[in-house]
Amino acid sequence: MNVKQPVVLKGNRDGIAVVLDKNIPFEILCGHLREKVSGAKQFFEGALTAVAFKGRALTDDEKRKMLDIIYEETTLEVSGVSDENFVSAVEVEAAEALLQETANDERAEPEKNETSISDQNVVFHHGGLRSGQSIRHSGSVVLVGDANPGSEIIAGGNVVVLGALKGMAHAGSGGDCKAFISALVLSPTQMRIAHLFIELPPEPKGPGRKPVKKPSYAYIQDGQVFIAPLLNN
Amino acid sequence: MSEVFVITSGKGGVGKTTTSANIGTGLAIAGYKTVMVDADIGLRNLDVVMGLENRIVYHLIDVIDGNCRLKQALVKDKRYSNLFLLPAAQTKDKNAVNPEQMQKLCLSLREEFDYVLIDCPAGIEQGFKNAIAGADKAIVVTTPEVSAVRDADRIIGLLEAAEIRNPMLILNRIRPDMVKKGNMMSLEDVTEILSIDILGAVPDDESIVIAANTGEPCVADQNSRAGQAFRDITRRMLGEAVPLADLTDDRGLMNKLKKIFRLGGA
């Protein structure tokens, strides 16, 4: 693993990976970690996530020291610690921090695959998004909840909303034309895939006249946008 | 065990000040020692709505700057002896206060009063941050308009970020006749978007305008429908389970005619 920086914070679907340089003395590494996490302090605020240490073997004692640094510098709540993989929910603040890190990280580019997607770079967000809140991620975003009008989801990969999408959604923000947007109720204020701006057919406006709520997805084919129901019938 | 409520909305003109005045008066009528804090520095209104503008000597900034003691700045209401107002300064602006000073102020008010109500200014800038700094609960006021609901949604997000959990909603200025025709968002439409607990719905009522002009909050007016809604809201705040009233106005001309015919036919 070629790591130029002594400490790199990386996000994956399981939580935060702290990648450590194995050639640097532990004490110096601690200093770098402190610097790194205190810089990302506000992103971590109150988030609950899992932490993995990678790139070097750590004793239990060393691990505890590193966790202490994270606790001292941030209000992050660590739900689990491991050297390898584990599963935990990723809160949006943490996810945003991860995005910043992964954006500078060439290895974290979303994979562009054919029909089946084996994109590891996914963020799950539990709970809805309110007006003014946003999720930005270099990979795909799965939102479990509603995205209210005035909210934003900007993803390098796909956008999946397990709820009503009423805000703005941009899939394939890096130019990936294969990205799609899917929601249980697809009525965004605005929708973009890659470079295409998508205008939805006008909906019956006004209260009392609700749009038909059908799970649907939007995708690009031959430079055109299609919106199709997810289920027949 | 005192509680500090902030009354906020994001959008201006939806009835924060009217709500503050009525809830404050309602709590005072119920026998609780209540203070209303006008946090809308530079654009004070609450004193006018309460009819207390000619009694103001010191204001919030005077207290914070140490020009007077807290008790000197509190204006006692003319009707209820357990109701007080801490007026805003009219000559300063929002930047004259910071959130830490507001927290300190709320702490000292908490010692004196059962309920502290903070009337928040519109917007999400400094004034909003000041107003919510010392609060432990929030009441979000909105009207059944798309723009007001959008702003309320933003405010709820900001309140949650500031760790003020479970804000309660007051839907103000509802017109049941328009809702019935499908020309106005219903209570259900609004709660579907905002998904927070509803504290009450207040009908659009002339008596509110009259009350603001005369400086007598309509919560004390037994004949006012809006007043009834605010009385219900106060009781719910005090922990009573009061069902949401049917807001349909039965005093319209057509209804009067119908009643007359019904009586005549009987």
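The paragraphs below go from chain A as a whole to one of its helices and then to a patch on its surface.

The structure is a predicted model, and its chain A has a secondary structure that comes to four helices and 15 strands. Of the 233 residues in chain A, 47% count as buried, while the chain exposes about 12,200 Å², of which carbon and sulfur atoms supply 50%. When contacts in chain A are taken between residues at least 6 apart in sequence, 44% of them join residues at least 24 apart.

Helix H3 of chain A, which runs over residues 60-73, has 14 residues and reaches 20 Å from its first C-alpha to its last, close to the 20 Å expected at 1.5 Å a residue. Its buried residues are A:Lys63, A:Met66, A:Leu67, A:Ile69, A:Ile70 and A:Glu73. Because these residues cover an arc of only 150° around the axis, they are on the same side of H3(A). The spacing can be read against a general rule: an α-helix has 3.6 residues a turn, so residues three or four places apart point the same way. On the face of H3(A) that is turned away from the buried side, the exposed residues A:Asp60, A:Arg64 and A:Glu72 are carried.

On the surface, A:Val144, A:Leu162 and A:Leu184 make a nonpolar patch of about 220 Å². One of these residues, A:Leu162, is found in strand S9 of chain A, which spans residues 159-165. With a relative accessible area of 43%, A:Leu162 is partly exposed, and it therefore passes the requirement of over 30% relative accessible area that is set for residues of a patch.

Conventions
Residues are numbered from 1 along each chain as its sequence is written. Chains are lettered from A and ligands numbered from 1 in the order in which they are written. This is a predicted model: local features need pLDDT of at least 70, side-chain atom pairs count only at pLDDT 80 or more; totals for chains, interfaces and linings use all residues. Side-chain values use heavy atoms; hydrogens and water are left out. Patches are made of residues with over 30% relative accessible area and no salt bridge: like charges are joined within 9 Å, nonpolar side chains (Val, Leu, Ile, Met, Phe, Trp, Tyr) within 5 Å. Accessible areas come from the Shrake-Rupley method with a 1.4 Å probe; for residues, only the protein chains shown count as cover. A salt bridge is a side-chain nitrogen of Lys or Arg within 4 Å of a carboxyl oxygen of Asp or Glu. Helices (H or I, at least four residues) and strands (E, at least two) are DSSP runs, numbered from the N terminus. Buried means under 20% relative accessible area, exposed over 50%, partly exposed in between (1.4 Å probe, protein chains only). Contact means heavy atoms within 4.5 Å. The expected span of a helix is 1.5 Å times one less than its number of residues. The arc is that of the directions from the helix axis to the C-beta atoms.
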